[in-house]
Amino acid sequence: MARDDDERSWAKLVWPSRFMRLLAWTPSWLRWDGDANNEMTWGLTALFGVAGAFSVANLYYANPLLNVFADYFGVSDERAALIPSVTQAGYAAGLLFLIPLGDILRRRYLILGLVFSTAFVWLGCTLTASFSTFLGLSFLVGLLTVTPQLLFPLTIQYAPPRHKATMTSIVMSGVVLGILIARLISGIVTQYTSWQTVYWLSFGLQAGIFVLLFLFLKDYPIARPGTTYPGILWRIVKMPFRKPVLTQSSLIAFLAMGMFTSFWTTLTFQLDHVFHLSTLSIGLFALGGISPVFLNAVVSRILTSRIHTHGTIIIALLSTLATVLFGTFVGTFSLAGPIVWAFLGDLGVNTTIVANRMAISAVDPTAHNAVNSVYMIFTFAGQLFGTAVGNALYARGGWTWSGALNIAQLTTALVLVALKGPHEKGWVGWSGGWDLRKSEMIGPEESDGTRSNEEEKGEGPVEVE
């Protein structure tokens, strides 16, 4: 009997260790070879887009189902409304505390671990009958669903220079598609079955993403070997005060995403109160925002890849501002306003975001994930600001008041662009001229812009803090 107990205890220890070894195992074709060509391929870029789409979708499946959750768990609508708030709070924590790990850990293991953990937690959400448990698991889902923000730095670091903007825009298109399809899938599927069907479907998608990434994601080297976790967190705190390009791009992202979320939040009320559309029609209206999915890569190839990112941002902000002006005033009496705004406004915002990512790609080649963490914290704060202030202004003055906020945000973003020229290395000024040709783009803020031999071979930077 004692021997049987010992064997069972040993099995409990062995099986987890065997599973962890299997999780950490890297197929021979994915092991790092610094002498090989390690540039991103179009196939891997497409996989990153798909992984980004069905990862970020986890944050939005619950939004159209709050009334369903209230009935299922027997809670008030106000309590059910905590689900997206708690999920977003978890996501904010992930942006700050998990993304920086991408600079000090092997990214293959980190990404696979996050995807696997998300699927495991998601399974708990699907099976639980307790609202408190569901709420706690929703926080963990948000915390772990930062995989797309680890894929962006990889794309920027290893994409061929001539295709960097286009490949980044493909991954960005995946994220946009994920936000869109999450709302559509959860609303349509739940109408005919149940919310658990949506969650089981998402669990299957997470499992599929894990398998694909396990088979095709390379074991990229550590970007900053020797750097501690507190050290990389402290670096995040210092960056906004030391990197003018990063701060400028982050503030522009704050304002652009503030406009984006303000529009989509108040649009529901405008379509309902003024144009009296049905719930289904309002849901399908989201299809108007699908333009970035199909046009992002085209715009990046035609525009972002050919001129300085500063020029792309100016063009994108000006076109978006014209769209918002049209949508704000025409949208008070005609559906043409919101339709044009949804189609062209989303495209303008996403073009701005891709150009921003290109601008910050050279800020610190040894800390892409720390840079991305700073950028995404500003972006997330902009989303919260746009939602809260946009709703408050709409409640007080309607569509034109919230539209005025959006006009002000885009105008401020243009002022920020004008304060610091494309070749200015300081905080304010236009030293270096106005030339927006691609060939005139400067390199990292602290270097001459040349790539080291190690980076040319794809080994990545090895600087130690």
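This briefing covers the nonpolar core, two helices, the salt bridges and two further residues of the structure above. The model is predicted. Its largest nonpolar core has 104 residues. The structure also holds 2 salt bridges. Helix α10 puts its buried residues on one side, while α8 has 12 of its 12 residues buried.

**Nonpolar core**

- Four members of the largest core touch the most other members: Phe48, Phe69, Tyr199 and Leu213.
- Helix α12, spanning residues 244–273, gives the most to this core. Its share is 11 residues.
- Phe69 touches Ala62, Gly74, Val75 and Ile83. It also touches Phe134, Trp195 and Tyr199. Residues up to four places away in sequence are not counted here.
- In soluble globular proteins, nonpolar side chains tend to be buried together.

**Helix α10**

- Helix α10 covers residues 195–216, which makes 22 residues. From first C-alpha to last it reaches 32 Å, close to the 32 Å expected at 1.5 Å a residue.
- Its buried residues are Trp195, Gln196, Val198, Tyr199, Ser202, Gln206, Ile209, Phe210, Leu213 and Phe214.
- These residues cover an arc of only 150 degrees around the axis, so they sit on the same side of α10.
- Tyr199 and Leu213, both in this buried set, are also among the core residues that touch the most other members. Trp195 and Tyr199 are among the contacts of Phe69.

**Helix α8**

- Helix α8 has 12 residues, 147–158. Its first and last C-alpha atoms are 17 Å apart, close to the expected 16 Å.
- This helix is mostly covered, with 12 of its 12 residues buried.
- The buried residues of α8 include Thr147, Gln149, Thr155 and Gln157. Leu150, Leu151, Phe152, Leu154 and Ile156 are also buried, as are Pro148, Pro153 and Tyr158.

**Salt bridges**

- Side chains of opposite charge can pair when their charged atoms come close.
- Asp219 pairs with Arg106 in a salt bridge, with the closest N and O atoms 3.5 Å apart. Asp219 lies in the loop between α10 and α11, and Arg106 in the loop between α5 and α6, so the pair ties together parts 113 residues apart in sequence.
- Asp219 counts as buried, at 8% relative accessibility. Arg106 counts as partly exposed, at 33%.
- Arg235 and Asp364 form a salt bridge through their side chains, at 2.3 Å from N to O. Arg235 lies in helix α11 and Asp364 in the loop between α16 and α17, so this pair ties together parts 129 residues apart in sequence.
- Arg235 is buried, with a relative accessible area of 13%. Asp364 is buried too, at 4% relative accessibility.

**Leu287**

- Leu287 lies in the loop between α13 (279–284) and α14 (291–304). It is partly exposed, with a relative accessible area of 39%.
- Leaving aside neighbours within four places in sequence, Leu287 contacts Leu180 and Leu184.
- Leu287 and Phe343 are 56 residues apart in sequence. Their C-alpha atoms are 8.7 Å apart in space.

**Lys238**

- Lys238 lies in helix α11, the helix that also holds Arg235.
- Lys238 has 19% relative accessibility and counts as buried because the cut-off is under 20%.
- Lys238 and Val374 are 136 residues apart in sequence. From C-alpha to C-alpha they are 9.9 Å apart.

Conventions
Residues numbered from 1 in each chain as written. Predicted model: local features only at pLDDT ≥ 70, side-chain atom pairs only at ≥ 80, totals over all residues. Heavy atoms only, no water. Core = buried A, V, L, I, M, F, W, Y, C linked by side-chain atoms within 4.5 Å. Buried < 20%, exposed > 50% of the residue type's maximum accessible area, 1.4 Å probe, protein only. Helix = DSSP H or I, 4+ residues; strand = E, 2+ residues; numbered from the N terminus. Contact = heavy atoms within 4.5 Å. Expected span 1.5 Å × (residues − 1). Arc of directions from axis to C-beta. Salt bridge = Lys/Arg side-chain N within 4 Å of Asp/Glu carboxyl O.
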